[in-house]
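Hi,

Here is the structure I promised to pass on. Have a look at it first, and then read my notes below.

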Amino acid sequence: MHVAVAFAVTGAVCVALEQSLRKLAGWRVVSSIVSRRLTHALMGPVFILCWPLFSKSFSSPGNDGYFTFVPSPWWYGLIAAMIPLAITIKFAAIGLGVFDDPYTRRMLCRNGNCGEILYGPVQYGIVFTVATALFFQSALAITCLMNLCIGDVAAAVIGSQFGNTRWPIPNNNTKTILGTIAFVLTSGPASLLVIQIVNRFLPYMHPLPSLSCVMMTALVGALVEAMTPSKFDNVTVFLATLLSYVICVYPIS
């Protein structure tokens with residue numbers, strides 16, 4: 001698919017999802033807490049599943065029905081990264097008070113304070129922008145971002161609803177041990193699933209991580225998430241996952 005068409009389709013899909021969640025929150029179909037978690041859990045995976053649209057493919061002569069896939073040029077990642085960057089700029093402008101959007105504010109602010117947007121949602125968008133620009137269409141990027149999207153939300157939901165035992169450090173930590181377990185058990189399989197889906201359309205995506213490496217990376221991300229204040233865990237989880245993935249996967253490959 002031509003890069004301009006891929007950009008347009010991916011952008012339309014992401015904006016449609018963002019606007020749908022915005023309407024659900026604005027119309028009070030779901031609470032601000034639920035809409036924020038849905039945004040966190042859905043925006044990333046949907047964007048990642050659009051990455052194969054940026055691949056080049058062509059039919060091999062004499063092999064009807066078969067396609068040869070050509071790796072995308074490095075600058076395709078820069079083009080794709082403009083999509084999360086644009087959404088992040090919008091969120092940042094609202095958080096800074098440049099303009100007001102009550103529906104978006106209700107979608108992202110648990111307590112009605114626009115300053116909240118500058119931490120979780122904006123940091124989430126910055127991480128996605130950087131990861132897409134630097135590691136586009138790679139298993140490394142997918143693993144890091146799925147930990148951020150799925151693991152972090154699972155830890156928050158399961159930990160807040162069912163977790164009773166909190167981590168003893170740091171002081172006044174609100175993160176629970178059950179939430180950390182939920183992080184590992186959801187982000188690991190989610191990473192593997194998305195990697196397999198994307199790899200079907202991007203067979204040149206390598207090296208692919210083993211199950212043990214993905215689960216080890218999820219464990220590192222979960223422990224870092226548990227020890228980091230909520231305002232900054234989007235950044236620390238990504239960096240910890242990135243480092244552990246490189247150490248675990250690349251020496252082996």
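What radius of gyration does the chain have, and what would a compact globule with 253 residues have? The chain has 19 Å, which agrees with the value near 18 Å for such a globule (taken over C-alpha atoms; the globule rule is 2.2 Å times the number of residues to the power 0.38).

Please keep in mind that this is a predicted model, where local features need pLDDT of at least 70, side-chain atom pairs count only at pLDDT 80 or more, and totals for chains, interfaces and linings use all residues. Residues are numbered from 1 along each chain as its sequence is written, and side-chain values use heavy atoms, with hydrogens and water left out.

The chain holds nine helices and two strands (DSSP runs numbered from the N terminus: helices are H or I with at least four residues, strands are E with at least two). Their order from the N terminus is α-α-β-β-α-α-α-α-α-α-α.

Now for a helix pair. The axes of α5 (residues 120-135) and α6 come within 10 Å and cross at roughly 170 degrees (axes are lines fitted to C-alpha atoms over the stretch in contact, and angles run from 0 to 180 degrees between N-to-C directions). The two helices are therefore roughly antiparallel (angles over 145 degrees). Among the residues making the contact (heavy atoms within 4.5 Å) are Phe128 of α5 and Leu145 of α6.

Finally, the buried residues of α8 (under 20% relative accessible area, 1.4 Å probe, protein chains only) include Val214 and Ala218. The buried residues of α8 pack against α6, α7 and α9.

Happy exploring!

Technical notes: Buried means under 20% relative accessible area, exposed over 50%, partly exposed in between (1.4 Å probe, protein chains only). Angles under 35 degrees count as roughly parallel, over 145 as roughly antiparallel, 65 to 115 as roughly perpendicular and the rest as oblique.
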